[in-house]
Amino acid sequence: MARSSTQRPSRVGPATAPGRRAGALDVDALLDDPTTGIIVCCGSGGVGKTTTSAALALRAAERGRKVVVLTIDPARRLAQSMGIEELDNTPRPVTGVEGTGSLDAMMLDMKRTFDEVVLSQASPEKAQQILANPFYIALSSSFAGTQEYMAMEKLGQIHRDAQASGTYDLIVVDTPPSRSALDFLDAPERLSSFLDGRFVRLLLVPAKGPAKLMTAGLGLITNALTKVLGAQFLKDLQTFVTALDTVFGGFRQRAQQTYSLLKADGTAFLVVAAPEPDALREAEYFVERLSEDDMPLAGLVVNRASPDPGGELSADEAMTAAERLRRTDPASLTAGLLRLHADRVRMVQRERALRDRFATAHPQVATAVVPALAGDVHDLHGLRTVGALLGQTVAGS
Amino acid sequence: MSDWGKVRLHVVTGKGGTGKSTVASALALALATRGKNVLLCEVEGRQGIARMFDVDPLPYQERRLTTGLPDADGGRGVVHALHIDAESALLEYLSMYYRLGRAGKALDRFGVIEFATTIAPGVRDVLLTGKVYEAVQRNSRNKGAIEYDAVVLDAPPTGRITQFLNVSNELAGLAKVGPIKSQSDTMMTLFRSPRTAVHLVTVLEEMPVQETADGITELRAARLPVGGVVVNQVRPRDLTDEQLSAARAGTLDRTRIEQDLTDGGLEVGPGLVDGLLAEAADHAERRALEDSQRDLVAALDVPSYELPRMAGGIDLGGLYELAGLLREQGMA
């Protein structure tokens, strides 16, 4: 089990600069802190979560830690360069890591993880029955939330193994791009409450309802469902629920364990976002939800920030001068440069305004801003570059 | 002329962060020409339409949202909006097809509605797409309901789109017979017909372009009709190709630029020219990467449309501007 959690509603990055609202997130301090055992990266889709997770893991490893990174759906070339294009649900060592630390990586196979849980919880006969059920097949591969649940399950497994064998001292987890920001926190709970739900309970005891009224109501329902879905549907569902119910106790306990692990002090949540309204709104949900659940939030990483051109020239001045030049020479190179400058200044201003709004609403959240790279990251060298940027960010404002 | 004149259902998908909701909204505005009724639907519960058009959160009910982009003579149609959630869709569906007055309520009381819509895999998607299907298939027999000339669906992201539309396949293992099964088959007939087009939104970066290519392959394998590729957030083109290569090589004429800046009425401080040259070099590098991705998009062999990156963000005016660009390029 994890260390017991102290009463800290939310954790602010270690290097909170005084006088500033949020302050810069000191990523290196977080990575170097030996008490940091788990880093969970969460955020909406398309914000560079996977790259951030991998970059953090590599940086931590090259700073001497024994790291494993759990990714969900890395870009093909990145997966290849890390040697994890094979989906076998086992951490594999990444070659080419410099320094005394080590880095293993694995890509989550959701269905396989689910199967493993079932196999470990049920008798072989029962397990086969579950694995063959059409509901199980659908649930284990497409139920919204299964991926989230399985990511957390795998995290729990790796953590237990690492505690026992000392293989890793830091686990970095990439979370699935959830339809809802909160899916990964709710998934264990949802799976439990599904199995605990009234309807499922009724399916488990179809013949002997607690009261006559209930039984009558159930008859109405089963008739309606049979009418809409066909009899086979209900029968399969009933088999599935009955079978799964046997392993239910195990599920619930594990979900609870993983949840406490996430809440414990050795865990640090990083919310990843891009400087776009939607992504930052999602990030706000995350921050609020994490604080509500007393989850240890380390900070916000804003990826893909437009590089600040610096200098004094404002967008308006640049545009005025550009127009003046275009009047005499419509193809003026300098006018083009000035317009580009104006465009970039506007981008930077807009992004800053968005970040400021976030910081005003959540002054306790330390922030790291990572400038956009020109190209995609698909090798260790690229990850190292991102890691260096993460390590030396200063909260812009 | 529109490239998609026969299409009644425009499904807009894209990788997260590429702006698919923006494109769906702009497309709806562009399609709403004189006398036309367009329905813009969302299914992911994010209320993105309401935010984009700055209106109150949408209920499970069609609402008049705004008027379309005017044509040359100022004629414009109407854009309606609908937020589809699976729970309401299921209740509506049950009362519509089965007249399950009492049983419908009982289902709710026993948690079946919640069960069916959050857990039972595939059912959720069938319900969401079922409502979209209903809106597309309406005709004069549906008294009192608006008949739409086009329906635009702000759909789930590229990674999930084929699964989402391939409803009968999703249900295959579960409901082998029964009315839901036959209804999902009817829906598939529409989704696979030339009256449907699945458009994919991308930006000119490696991963989104790769995902677009994969998405097209998957859609084709499922025999779902691929529409166009909308390339969103394209960088400004203020420099010519020669200027870009000079910027990359670091051979832009520094003295000339200094002179121009002075002529343009700017005070040329110590860092100004250096700053502009550095920005130009960085921009040129990114443009080169864009160009290589653009070649890949062209090789996908589907019609493509380009929309610029809006430096100041996208407000309602910006949406109409994008709609105008889509119409100009023949997407609507």
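Helices (H or I, at least four residues) and strands (E, at least two) are taken as DSSP runs and numbered from the N terminus. By this criterion, chain A contains 15 helices and eight strands, and chain B contains 14 helices and eight strands. The structure is a predicted model, in which local features need pLDDT of at least 70 and side-chain atom pairs count only at pLDDT 80 or more, whereas totals for chains, interfaces and linings use all residues. Residues are numbered from 1 along each chain as its sequence is written, and chains are lettered from A and ligands numbered from 1 in the order in which they are written.

Burial was assigned from C-beta atoms placed from the backbone: a residue is buried if 20 or more other C-beta atoms lie within 10 Å of its own, exposed if 12 or fewer, and partly exposed in between. Of the 397 residues in chain A, 50% are buried; of the 332 residues in chain B, the buried share is 47%. Two residues are in contact if their C-beta atoms, placed from the backbone, lie within 7 Å. Among contacts between residues at least 6 apart in sequence, 76% in chain A join residues at least 24 apart, and the corresponding figure in chain B is 74%.

In chain A, an open sheet of eight strands with mixed pairing follows the order β3-β4-β2-β5-β1-β6-β7-β8. The edges are formed by β3 (92-93) and β8 (367-371) of chain A, each of which has a single partner strand, so one side of each is left without a neighbour in the sheet. Strands are considered paired if DSSP finds at least two bridges between them. Strand β7 (residues 297-305) of chain A pairs with β8(A) in the parallel sense over four bridges, and A:Val301 stands opposite A:Ala368 in β8(A). Helix α12 (residues 277-292) of chain A packs on the sheet and touches β1 (38-42), β6 (267-273) and β7 of chain A, its direction making about 160° with that of β6(A). For such angles, axes are lines fitted to C-alpha atoms, for helices over the stretch in contact, and values run from 0 to 180 degrees between N-to-C directions.

At the edge strand β3 of chain A lies A:Pro93. This residue counts as exposed because it has 12 C-beta neighbours inside 10 Å. Apart from neighbours within four places in sequence, A:Pro93 is in contact with A:Ser102 and A:Asp104. The C-alpha atoms of A:Pro93 and A:Arg254, which are 161 residues apart along the chain, are separated by 27 Å.

Helix α14 (residues 333-361) of chain A comprises 29 residues and reaches 43 Å from its first C-alpha to its last, close to the 42 Å expected at 1.5 Å a residue; the expected span is 1.5 Å times one less than the number of residues. Because 21 of the 29 residues of α14(A) are buried, this helix is largely enclosed by the rest of the structure.

Chain B also holds an open sheet of eight strands with mixed pairing, in the order β3-β4-β2-β5-β1-β6-β7-β8. Here β3 (63-67) and β8 of chain B stand at the edges with a single partner strand each, so one side of each is left without a neighbour in the sheet. The twist averages 25° from one strand to the next. Strand β7 (residues 226-234) of chain B and β8(B) pair in the parallel sense over four bridges. Within β8(B), B:Tyr305 is the bridge partner of B:Val230, and B:Glu306 is that of B:Val231. The side chains alternate along strand β8 (residues 304-308) of chain B: B:Tyr305 and B:Leu307 point to one face and are buried, while B:Ser304, B:Glu306 and B:Pro308 point to the other and are not.

Helix α1 (residues 20-31) of chain B lies across β1 (9-14), β2 (37-42), β4 (78-83), β5 (150-154), β6 (196-202) and β7 of chain B, running at about 170° to β5(B). Helix α10(B) lies across β1, β6 and β7 of chain B, at about 165° to β6(B).

The domain assignment of chain B, with bounds from an automatic or database source, gives domain 1 (9-235 + 309-327) and domain 2 (239-300). Nine residues of domain 1 of chain B are in contact with eight residues of domain 2 of chain B. On the domain 1 side, α10 (206-221) and β7 of chain B each supply at least two residues, and α10(B) gives the most, with four residues.
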